Amino acid sequence: NYFCEPLRESDADAKQIGFYIASITNALRVFLNPTWNSIYTKSDINLDTLGSEKIIIYIILPDSDATKHSYAVAILTILYSVITRISSKKTIERPFLFILEEFGTLPHISFLENALAVARSRNIWFCLCFQNISQIITKYSKDTFQNLIGGLMGLIYLGSDNLETNKYLVERYGGYVETKISKGESKREDA
């Protein structure tokens with residue numbers, strides 16, 4: 001029987017066990033941080049009311065410390081899981097919008113490809129903000145990137161000097177580019 005077989009210690013086994021322990025320790029490290037521990041253990045958010053009340057949840061992380069980005073993915077995963085559970089029981093009264101600013105800097109989000117395929121029918125929407133295609137292809141495959149972009153309702157392009165991004169957009173939308181630069185000023189004069 002596989003489970004009754006004694007563990008044979010070899011260099012490969014020891015390295016593999018060490019890898020597992022290091023991975024688990026790294027994953028559990030978040031619970032050692034007192035600030036994050038307080039976020040996980042108490043909240044002002046009633047998750048059962050998601051989709052029925054107006055609510056904004058901001059996740060603000062320092063851009064200087066990429067190790068914290070996995071926290072955002074953990075919170076997104078929890079929120080998406082809860083909102084899909086609620087939407088499977090009843091229609092969500094209000095649209096639920098995930099705006100993933102700096103999406104290109106977030107770690108891989110495992111549920112995202114499937115979510116983009118089915119979320120709209122549940123009144124769940126995603127806005128992915130990224131600077132260039134290579135940020136996404138680095139974390140996801142090129143095929144997955146196509147599925148991610150295909151699952152979005154629209155694409156807003158603010159400009160980039162990244163050749164791969166520009167080439168992709170020209171192939172997808174055509175070669176015409178219109179650039180408008182405007183400057184506005186507003187003054188208030190009290191009488």
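**Exercise 1. Determine what share of the chain's contacts with a separation of 6 or more comes from residues 24 or more positions apart, and lay out the order of the elements.**

Step 1. Contact is taken as heavy atoms within 4.5 Å. Among contacts with a separation of 6 or more, 70% join residues 24 or more positions apart.

Step 2. The model is predicted: local features need pLDDT of at least 70, side-chain atom pairs count only at pLDDT 80 or more, and totals for chains, interfaces and linings use all residues. Residues are numbered from 1 along each chain as its sequence is written, and side-chain values use heavy atoms, with hydrogens and water left out.

Step 3. Helices (H or I, at least four residues) and strands (E, at least two) are DSSP runs numbered from the N terminus. The chain has 7 helices and 2 strands, in the order α-α-α-β-α-β-α-α-α from the N terminus on.

Step 4. Two pairs show sequence separation against distance in space. Ala66 and Pro107 are 41 residues apart in sequence, with 9.0 Å between their C-alpha atoms. For Phe130 and Leu100 the values are 30 residues and 8.6 Å, C-alpha to C-alpha.

**Exercise 2. Describe the largest nonpolar core and the elements that build it.**

Step 1. Buried means under 20% relative accessible area, exposed over 50%, and partly exposed in between (1.4 Å probe, protein chains only). Of the 191 residues of the chain, 26% count as buried.

Step 2. A nonpolar core is a set of buried Ala, Val, Leu, Ile, Met, Phe, Trp, Tyr and Cys residues joined through side-chain atoms within 4.5 Å. The largest one has 35 residues, and those with the most contacts inside it are Tyr80, Phe98, Phe103, Ile109, Leu112, Ile124 and Phe126.

Step 3. Two or more residues of this core come from each of α3, β1, α4, β2, α5 (133-139), α6 and α7. The largest share, 9 residues, is that of α3.

Step 4. Take Tyr80 as a case. Apart from neighbours within four places in sequence, Tyr80 is in contact with Phe98, Phe111, Ala115, Val118, Ala119, Arg122, Ile124 and Phe126.

Step 5. As background, nonpolar side chains tend to be buried together in soluble globular proteins.

**Exercise 3. Characterise the linings of the largest pocket and the second largest pocket.**

Step 1. On a 1 Å grid over the protein atoms alone, a pocket is an open set of points where a 1.4 Å probe fits, with protein on both sides within 12 Å along at least five of seven lines; lining residues have an atom within 4 Å of a point. Grid points are joined across faces, edges and corners, and the volume is the space filled by probe spheres set on the points.

Step 2. The largest pocket holds about 790 Å³. Its lining has 26 residues, of which Ile57, Tyr58, Ile59, Ile99 and Leu100 are closest to the centre.

Step 3. At least two lining residues of the largest pocket come from each of α3 (69-89) and β1 (96-100), and β1 gives the most, with 5 residues.

Step 4. Ala, Val, Leu, Ile, Met, Phe, Trp, Tyr, Cys and Pro count as nonpolar, Asp, Glu, Lys and Arg as charged, and the others, Gly among them, as polar. The lining of the largest pocket then divides into 18 nonpolar, 3 polar and 5 charged residues.

Step 5. The second largest pocket has a volume of about 600 Å³. Of its 31 lining residues, Leu128, Cys129, Phe130, Leu155 and Ile156 lie nearest the centre. The largest share of this lining, 5 residues, comes from β2. By class there are 21 nonpolar, 7 polar and 3 charged residues.

Step 6. Phe130 sits in the loop between β2 and α5 and is partly exposed at 23% relative accessible area. Not counting residues up to four places away in sequence, Phe130 touches Phe103, Gly104, Gln135, Ile136, Phe145 and Ile149.

**Exercise 4. Explain why Cys129 and Cys127 are not bonded.**

Step 1. A disulfide is a pair of cysteine sulfur atoms within 2.5 Å. The structure holds 0 disulfides.

Step 2. The closest cysteine sulfur to that of Cys129 is in Cys127, at 3.9 Å, so the pair is too far apart for a bond.

Step 3. Cys127 is partly exposed at 33% relative accessibility, and Cys129 is partly exposed at 22%.

**Exercise 5. Locate Glu102 and Asn123, and state their phi values.**

Step 1. Most residues other than glycine have a negative phi.

Step 2. Glu102, in the loop between β1 and α4, has a positive phi near 60 degrees. Asn123, in the loop between α4 and β2, has a positive phi of about 70 degrees.
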